[in-house]
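Student: I'm new to this structure and would like to learn how to read it. Please walk me through some features, giving the idea first and then the case here.

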Amino acid sequence: MKRRDFVTSAAAAGLALRFGSRALAGPVPAPAPVLAAIEGQSPAAITRAAIAALGGMKAFVSKGDRVVIKPNIGWDRTPEMAACTNPEVVSTLVELVLDAGAKKAIVIDNSTNQAKRCYIRSGIQEAVNQAGGDMLFVDDYRVKKMPLKGEWIKEWEVLLDVVESDKIINVPIAKVHSFCRLTLGMKNWLGATAGARNQFHQGLDKAVVDLAGFFKPRLTVLDAYRILVRNGPQGGRLSDTEMRNTVVAGTDPVAVDAFGASLFPVEPRELPYLELARARGLGEYDLGKVRIEKRKI
């Protein structure tokens, strides 16, 4: 060994002994945020930026996965009414999921209004088809009563196309709601169930938490590009909406909903289901304790 190499090796060994092997590994990369809130003019661009901030779609989707993307397509409304998830946000997620190597990107919702009209008028069906995804209507033969093991809902009918997927991505839109004040990510799971869903309204906060604990999405992407601030959950007038130009993506569904509440603005503690969800161990609504990346593009 040449002297120069010997001196270099000896110095490296000394650093390793004194500070550990991390002293030789260079700067330690910062961990990915739990939540990314991106503001901008393009729904597609801010969706892509939010997923990139979390480490990219490959951090959540594996090659060959069958991925279900669950937007809110509940109402016979055009995108400008902000009653359904923005179609560009949904189609961008389809593209990202397929680019990450997924075998299928399936989009489905158990709509409140007539399903075919909701799929078309929301613009989601056309956007998903163009992106290469698969739009599914609810098939009565693909509904099954299953144990949810919730504190209020012990068992319920759920959509097998959602339950049997490899990964689930929840894609709600941020809206006011006449029963639970706001409908964000956790409330969006009502659209993955069937049966007499109006019974949920007898204990809606508890039902929301039980459903969130059952479905456990890999990722929640909240569409807050244009939000519904009056006459929710279906609105019907452009004056019921306001622009926020924001997409919020996160791995903690409670934190995503807490951030979404701040866009109205509503304090997270004013939403009973968030406290119930935190007590159940589903996430954190105190945003001061959550690692957040927030920026404009």
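Tutor: Let's begin with a single residue: Ser91 sits in helix α3. Helices (H or I, at least four residues) and strands (E, at least two) are DSSP runs, numbered from the N terminus. One caution: this is a predicted model, where local features need pLDDT of at least 70, side-chain atom pairs count only at pLDDT 80 or more, and totals for chains, interfaces and linings use all residues. Residues are numbered from 1 along each chain as its sequence is written, and side-chain values use heavy atoms, leaving out hydrogens and water.

Student: Is Ser91 buried or exposed?

Tutor: Buried means under 20% relative accessible area, exposed over 50%, and partly exposed in between (1.4 Å probe, protein chains only). With a relative accessible area of 10%, Ser91 is buried.

Student: Which residues does Ser91 touch?

Tutor: A contact means heavy atoms within 4.5 Å. Leaving aside residues up to four places away in sequence, Ser91 touches Ala127, Val128 and Ala131. You can read Pro253 in the same spirit. Pro253 belongs to helix α8, and with the same neighbours left out it touches Met186, Thr220 and Leu282. For a sense of distance, Pro253 and Gly40 are 213 residues apart along the chain, and their C-alpha atoms are separated by 22 Å.

Student: Let's zoom out. How many helices and strands does the chain have?

Tutor: The count comes to nine helices and 12 strands. There are 297 residues, and 53% of them count as buried. Along the principal axes, the C-alpha atoms fill a box of roughly 80 × 40 × 40 Å. Now take the contacts between residues at least 6 apart in sequence: 71% of these join residues at least 24 apart.

Student: How do I read one side of a helix?

Tutor: Here's the general idea: an α-helix has 3.6 residues a turn, so residues three or four places apart point the same way. Now try α9, which runs over residues 272–279 and has Tyr273, Leu274 and Ala277 buried. Looking down the axis of α9, you find these buried residues within an arc of 105°, so they line one face of the helix. The arc is that of the directions from the helix axis to the C-beta atoms.

Student: What covers the buried residues of α9?

Tutor: The cover includes β9 (181–183), α7 (204–215) and α8 (253–262). Look just past α9, too: Gly281 has a positive phi there, about 85°.

Student: Which residues other than glycine have a positive phi?

Tutor: Two to look up are Ala82, with a phi of about 60°, and Asn231, whose phi is near 60°. Ala82 is in the loop between β2 (66–71) and α3, while Asn231 is in the loop between β10 and β11. Their surroundings are worth a look: Ala82 is buried, with a relative accessible area of 0%, whereas Asn231 is partly exposed at 47%.

Student: Where are cis peptide bonds found?

Tutor: Check the omega angle. A cis peptide bond joins Gly232 and Pro233, with omega about 15°, and Pro233 lies in the loop between β10 and β11 (241–250). Another joins Phe264 and Pro265, with omega about -5°; Pro265 is in the loop between α8 and α9.

Student: What about pockets?

Tutor: On a 1 Å grid over the protein atoms alone, a pocket is an open set of points where a 1.4 Å probe fits, with protein on both sides within 12 Å along at least five of seven lines; lining residues have an atom within 4 Å of a point. Points join across faces, edges and corners, and the volume is the space filled by probe spheres set on them. The largest pocket holds about 380 Å³. Its lining has 20 residues, with Trp75, Thr112, His177, Lys187 and Leu190 nearest the centre.

Student: Which element gives the most to the lining of the second largest pocket?

Tutor: That's β10, with three residues. Both α3 (87–99) and β10 (219–228) supply at least two residues each. This second pocket has about 150 Å³ of space, and its lining includes Pro79, Cys84, Asp223 and Met243.
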